[in-house]
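Student: I have a structure open and would like to understand the terms used to describe it. Could we go through a few together?

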Amino acid sequence: MDKKIVLETQDLTKRYDGNTVVDHLNLHVAENEVFGLLGPNGAGKTTTILMLLGLTEPASGSARIFGFNSTREPLKVKSLTGYLPERLGFYDGLTARQNLRFIARLNNMGNDEANQQIDQVLEAVGLTKVADTAVGKFSRGMKQRLGIADVLVKEPRLAILDEPTAGLDPEGINQILDLITGLPKMGTTVVMCSHRLYEVQRICHSIAILAAGKLVVEGALDTLGREALAGGRYRIEVETADSSPQLVEIIGKIKGVKSVEVEGNFLHVTTDSDLRAAISKAVVDNGVALTQVKMQEFSLDDIYKKYFKEG
Amino acid sequence: MITIVRKELADYFTSVRCFILFLLVLLASAAGLYAAYEGIRGVDISTGFVFINLFTTRGESIPSLVTFIGIFVPIIGIALGFDAINREYSTGTMSRILSQPIYRDSVINGKFLAGIITLAIMMATTLLIVSGFGLRMIGVPPSAEEIIRLFIYFVSIVIFGAFWMGLAILFSVIIRNLAISLLASLAVWLFFGFFYTMLIVPAVAKTVDMYLVLLRLSPNTLFDEATMAMLLPQSRGLGLLASGEVSYMIPNPLPLGQSLLIVWPQLTTMIALAAVCFAVSYIVFMRQEIRAT
């Protein structure tokens with residue numbers, strides 16, 4: 001896990017009129033991962049993003065993106081970073097292509113390069129057909145997709161997406177999520193905010209949960225899940241034709257198995273590591289028909305609930 | 001910044017708003033021309049200036065073109081500037097633009113510059129149209145001095161317009177609501193255009209000097225005076241003269257240099273006013289928080 005850290009904040013703090021909105025936040029985002037920023041409304045997610053981009057000055061602390069200080073070198077940060085705001089707006093009178101061209105020009109892209117890039121991103125978000133339609137006629141979902149195109153047109157190395165799937169229908173959500181999942185392969189690290197936990201669980205590698213401006217937890221998704229549900233252990237579910245006490249005993253003796261509970265034909269095995277192979281072998285070797293072995297999935301819901309109960 | 005100027009210009013020239021403003025201006029020039037048509041025969045041409053009378057002559061019931069311009073330029077300035085910044089916020093495009101690698105001030109500079117260019121094009125068109133038709137109507141070509149006087153008049157129009165645009169942009173920075181920002185600019189315009197000169201100054205002023213000083217706080221007065229000195233070369237001073245003094249004056253026009261000398265303070269004050277308006281909006285805009293909500 002020696003990945004390059006591309007985004008880092010140190011005790012980042014922001015106060016509005018005496019209220020601390022973001023409180024000594026320390027985030028780390030590794031290169032080429034999808035990082036989910038979670039938290040209830042008003043937790044300070046958007047404010048954090050604005051500080052990352054140098055649009056708002058922090059009260060104390062600092063943020064670095066690719067080694068550039070967001071407050072002091074905002075232009076360098078902004079030329080490497082694409083931002084999809086939560087309240088997304090376009091010039092309604094201009095076409096999709098014109099809107100993107102304006103952004104490309106602001107990024108000092110040449111005409112040919114811009115045109116090529118615009119065609120490419122419009123294709124990626126599926127808006128090629130309406131490229132020359134005024135954005136005022138777009139539906140909410142089309143605007144959202146254009147927003148993604150708008151982020152990608154500058155070929156950012158970091159994309160910060162605030163609620164990228166808001167207002168989309170299920171099919172649109174799937175498209176966008178697939179698109180986001182593909183970004184790290186193209187060399188773009190993604191930081192996204194979302195309220196939809198299942199989305200975050202589906203595409204994010206790491207997450208951070210904020211509450212009232214403070215960092216509640218940060219880490220890789222699978223590690224966090226195990227910690228939340230099983231105190232850092234693995235839970236394996238084994239279904240057999242006949243879960244006899246003998247079998248329970250044998251499984252209990254496998255190295256690394258901490259406990260075995262019986263529930264009908266199901267055995268719930270808690271282990272230190274992924275022992276599915278060893279458990280299946282033990283079952284089959286004992287002549288018992290094995291129906292299924294699966295690792296218990298941790299839903300982000302559980303993680304989220306756990307930390308908010310504690311908090 | 002050039003990108004922003006280009007985009008703003010493209011926006012202005014394709015917008016309905018600009019189309020309406022152009023129509024208004026054309027209407028005003030037509031009215032001004034008609035006024036000149038009615039009145040220009042009665043003009044005293046012993047001064048040697050014929051052509052510029054096209055702009056200053058009134059008709060029987062229609063005011064002269066310069067009066068129209070004095071009314072329309074503030075409106076154009078306000079119409080071009082009142083939503084410059086707050087529209088970007090209300091459509092949500094501001095955060096998108098500011099997250100691009102550009103300096104923040106190039107947004108407001110670009111908008112101001114584009115507005116001034118639009119205004120200058122509009123007013124230049126008006127003056128040229130009126131000149132062209134007027135030339136056809138009276139058949140007397142302008143002298144070199146008249147052309148220079150008209151050009152200086154044009155410059156003062158642009159400065160005057162820049163002041164109103166600066167004021168409107170200031171309101172657009174401070175006030176988030178489009179309608180309120182428009183109303184605020186219009187209120188200031190009404191105040192200076194009507195109440196200030198007609199009600200407040202006469203009521204407050206105790207002496208003639210004080211009357212003039214108070215009047216000249218109004219940008220409209222400054223512009224009117226600049227217009228008068230440039231386009232009516234026979235006017236030798238701005239302000240009130242005792243009737244005794246008038247009788248000593250030789251009724252011949254002032255040379256260009258002298259006219260310029262008279263309006264120089266007016267011009268610089270207008271430039272200063274415009275600069276102050278713009279500077280305040282600039283500072284407020286640069287310090288404005290881009291808030292999450």
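Tutor: Gladly; we will take a helix pair, then the chain contact, then the domains, bearing in mind that this is a predicted model.

Student: Why are α1(B) and α7(B) called oblique to each other?

Tutor: Their axes cross at roughly 45 degrees. Roughly parallel needs an angle under 35 degrees, and roughly perpendicular runs from 65 to 115. The crossing angle falls into neither range, so the two helices count as oblique. As for distance, the axes of helix α1 (residues 2–14) and helix α7 (residues 105–138) of chain B come within 8 Å.

Student: Which residues of α1(B) make the contact?

Tutor: B:Ile4, B:Val5, B:Glu8, B:Leu9 and B:Tyr12 do, and their partners on α7(B) include B:Val107, B:Leu113 and B:Ile117. By class, the contact has eight nonpolar, three polar and two charged residues.

Student: What is the handedness of the crossing?

Tutor: α1(B) passes α7(B) in a right-handed crossing.

Student: How many residues of chain B are in contact with chain A?

Tutor: On chain B there are 16, and they meet 22 residues of chain A. Residues count as in contact if their C-beta atoms lie within 7 Å.

Student: Which element gives the most to that side of chain B?

Tutor: That is α6(B), with five residues. The side of chain B that touches chain A has six nonpolar, seven polar and three charged residues.

Student: And how is chain A divided?

Tutor: Into domain 1 (5–225) and domain 2 (233–298), with C-alpha centres 43 Å apart.

Terms used: Residues numbered from 1 in each chain as written. Chains lettered and ligands numbered in written order. Predicted model: local features only at pLDDT ≥ 70, side-chain atom pairs only at ≥ 80, totals over all residues. Axes fitted to C-alpha atoms, helices over the stretch in contact; angles between N-to-C directions. Helix = DSSP H or I, 4+ residues; strand = E, 2+ residues; numbered from the N terminus. Parallel < 35°, antiparallel > 145°, perpendicular 65-115°, else oblique. Left-handed = near helix turned anticlockwise from the far one by under 90°. Contact = placed C-beta atoms within 7 Å. Nonpolar A, V, L, I, M, F, W, Y, C, P; charged D, E, K, R; others polar. Domains from an automatic or database assignment.
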